[in-house]
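Here's a quick look at how some strands pair up and how some helices pack against each other. Have the structure open as you read.

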Amino acid sequence: MAHKTALHRGLVSVSDYRCRAEPGDQPFVEQHEQYTLSYVRKGSFGYRVRGETHELVAGSVLVGRPGDEYLCTHDHAHGDECLSFYVSPAIVEAVGNGGGAIWRIGSAPPLPELMVLGELASGVTRGRSDVGIDEIGMLFTARFGEIVSARGRRSKSPAPRDRRRAVEAALWMAERSHEAIDLERVAGEAGVSPFHFLRVFADVLGVTPHQYLVRSRLRQAARLLADDARAVTDVALDVGFGDISNFVRTFRRAAGVSPRDFRKAAKGDRAVFKERLTAIAP
């Protein structure tokens, strides 16, 4: 029910994981053998680890710690895809928090700083970039450590019905992120009041509906910048940003570089991320 392709082995091993499980398939217990960061590129699935349940959608990150047993469930959709980084203890130590609290959180919500790097890494695996996959894996791990260490953990335990509503709404929004979508429209699709939907969505996925919509647009923009030759202005408009200056500001805040420099990095300009890569060299 799953296909896993090894793309690189070393301090950061990388695999392209494509699951074909469907709702109703019986989950089974697995165990993490390494520190793992799996960037969800498509679909959704549940992740149960250490007595907690996490709902992951496109842009989320599954976080695995060696020795932890877990279950992956597919109650809402099928056909999820992940780009998984298997991180060596040497890199974990180099980026800080070696084996510490950040590796016990189970998952990270869709965070713009990680989504743009996840899409850059995806471009590398598709042969659309000259960046080294090991380098982008180290950079993704380092950024994960920086961002997640500064965030608080959620303590909510939403009901199964609310989990389903939030995940289905996220899938619906991801497919239409280039459209003009407001809270009232997506809450109507979910069949609840805007206030209730806002609370449920944030409790389940760790971000608000608007944040997820903007981050879905950023994810698509990063993919186009890495894979496509169209102008930056066209990319911004095609993914749903009506204001070009707002797109540039939002993208720079997420990636740390402008859209044009991000494209340069995707084409192999190592200098764009050189400072960060040098800082985490083991």
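Let's start with the strands, keeping in mind that this is a predicted model. Strand β3 (residues 30–31) runs antiparallel to strand β8 (residues 69–73), and two bridges hold the pair together. If you want a spot to click on, Gln31 has Glu69 of β8 as its bridge partner. β8 also pairs with strand β5 (residues 44–49), again antiparallel, this time through four bridges. Here Tyr47 sits opposite Cys72 of β8.

Now for the helices. Two packed pairs are set out below.

| Helix pair | Axis separation | Angle |
|---|---|---|
| α7 (residues 209–227) and α10 (residues 259–266) | within 8 Å | roughly 50° |
| α2 (residues 112–125) and α9 (residues 244–255) | 7 Å | about 85° |

Take α7 and α10, whose axes cross at roughly 50°. An angle between 35 and 65 degrees is neither roughly parallel nor roughly perpendicular, so α7 and α10 count as oblique to each other. The crossing of α7 past α10 is right-handed. On the α7 side, the contact uses Ala222, Leu224, Leu225 and Ala226, while α10 brings Pro259, Phe262, Arg263 and Ala266. Sorted by class, that gives seven nonpolar residues, one charged and no polar.

What about α2 and α9, which pack at about 85°? That angle makes α2 roughly perpendicular to α9. Pro112, Glu113 and Val116 of α2 touch Phe251, Ala254 and Ala255 of α9. The tally for this contact is five nonpolar residues, one charged and no polar.

Technical notes. Residues are numbered from 1 along each chain as its sequence is written. This is a predicted model: local features need pLDDT of at least 70, side-chain atom pairs count only at pLDDT 80 or more; totals for chains, interfaces and linings use all residues. Side-chain values use heavy atoms; hydrogens and water are left out. Axes are lines fitted to C-alpha atoms, for helices over the stretch in contact, and angles run from 0 to 180 degrees between N-to-C directions. Angles under 35 degrees count as roughly parallel, over 145 as roughly antiparallel, 65 to 115 as roughly perpendicular and the rest as oblique. A crossing is left-handed if the near helix is turned anticlockwise from the far one by less than a right angle, and right-handed if clockwise. Contact means heavy atoms within 4.5 Å. Ala, Val, Leu, Ile, Met, Phe, Trp, Tyr, Cys and Pro count as nonpolar, Asp, Glu, Lys and Arg as charged, and the others, Gly among them, as polar. Two strands pair if DSSP finds at least two bridges between them.
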